Amino acid sequence: MRICFLGDSITNGIGDPEFLGWPGRLCKREAPSLADLTAYNLGVRADTTALLLERALPEITHRLPDGVDGRVVVSCGVADAFLMGDLPRIPSFDSLANLRQILDQLTPRYPLLVVGPTPVADPRRNAQVAEINSVYANGLAETDIPFCNVYERLGQSAAWQHDLQIGDGVHPKADGYTAMADIIADWKGWRSWF
């Protein structure tokens, strides 16, 4: 099995002193029972859904050619919520439209999962992240693509909140990424692949 994790800096694991992020921790859990697992972290710092749309198909098809057991996890939205003055870089419904285009490109070829955006420390930006998360949850409910809503649970996670406070307010440290991996590891969408 080969899994591509497509996303922004949260997917990349920025801030993690162990350089695993949540994708590395998630795959590490599965490794004992699945020795032939290959994970590709395609997280890029500050990538919006518009930038992900440009690179998703070429990057993923290069790593998941025909004939392999390839799967894709998409996680985005936090970079879209970055405020430029009073406006987000990408408004929530445009963010959903970009995400849908990414998924439309990939759906015919690969099993897909979507992990929602994560809370941040800045209240104004966090309100925008919450809106994007809600729009994603509602928009993807109309599809067969599983959506993992990590926003609410991480908002209540002491480890996530502590890491935001001691870090840059957006990216957690090891404990925060572990909390996120714990949520996804128990999610039925992820479990269905194993």
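This passage describes the overall dimensions, the internal cavity and several individual residues of a predicted model.

The secondary structure of the protein consists of 9 helices and 7 strands. Along the principal axes, the C-alpha atoms occupy a box of roughly 45 × 35 × 25 Å. For a chain of 194 residues, a compact globule would be expected to have a radius of gyration near 16 Å, and the value of 15 Å found for the protein agrees with this expectation. Of the 194 residues, 53% count as buried. Among the contacts with a separation of 6 or more, 77% join residues that stand 24 or more positions apart. The accessible surface amounts to about 8700 Å², and carbon and sulfur atoms contribute 52% of that surface.

The interior was then examined for enclosed space. A search of the whole structure returned 1 cavity of 30 Å³ or more, and the volume of the largest cavity is about 30 Å³. The lining of this cavity is drawn from several parts of the sequence: Asp8 and Ile10, the run Ser75, Cys76, Gly77 and Val78, the run Gly116, Pro117 and Thr118, and finally Met180. By residue class, the lining comprises 5 nonpolar, 4 polar and 1 charged residue.

Two residues in regular secondary structure illustrate opposite degrees of exposure. Val73 belongs to strand β3, which spans residues 70-75. Its relative accessibility is 2%, below the 20% limit, and Val73 therefore counts as buried. Beyond residues up to four places away in sequence, Val73 touches Ile3, Cys4, Phe5 and Leu6, together with Trp22, Leu113, Val115, Trp190 and Trp193. Asp36 is 37 residues from Val73 in sequence, and the C-alpha atoms of the two are 18 Å apart in space. Lys28, by contrast, is exposed, with a relative accessible area of 58%. This lysine lies in helix α2, formed by residues 21-30. Between Lys28 and Ala39, which are 11 residues apart in sequence, the C-alpha to C-alpha distance is 9.7 Å.

A further helical position, Asn126, lies in helix α5 (residues 123-140). Asn126 has a relative accessible area of 17% and is classed as buried, because the class takes in values under 20%. When residues up to four places away in sequence are set aside, the contacts of Asn126 are with Pro119, Val120 and Tyr151.

Backbone geometry draws attention to two loop residues. Phe19 is located in the loop between α1 (9-12) and α2. The phi angle of Phe19 is near 55°, a positive value in a residue other than glycine. Phe19 is also exposed, at 73% relative accessibility. Ala46, in the loop that links β2 (38-43) and α3 (49-63), likewise is not a glycine yet has a positive phi, of about 70°. The relative accessibility of Ala46 is 36%, so that Ala46 counts as partly exposed, the class between 20% and 50%.

Note on methods. Residues numbered from 1 in each chain as written. Predicted model: local features only at pLDDT ≥ 70, side-chain atom pairs only at ≥ 80, totals over all residues. Heavy atoms only, no water. 1 Å grid on protein atoms, 1.4 Å probe; cavity = no way out; pocket = protein on both sides within 12 Å on 5 of 7 lines; lining within 4 Å. Points joined across faces, edges and corners; volume = space filled by probe spheres on them. Nonpolar A, V, L, I, M, F, W, Y, C, P; charged D, E, K, R; others polar. Helix = DSSP H or I, 4+ residues; strand = E, 2+ residues; numbered from the N terminus. Rg over C-alpha atoms; globule rule 2.2 N^0.38 Å. Buried < 20%, exposed > 50% of the residue type's maximum accessible area, 1.4 Å probe, protein only. Contact = heavy atoms within 4.5 Å. Areas by Shrake-Rupley, 256 points an atom, 1.4 Å probe, with all protein chains shown as cover.
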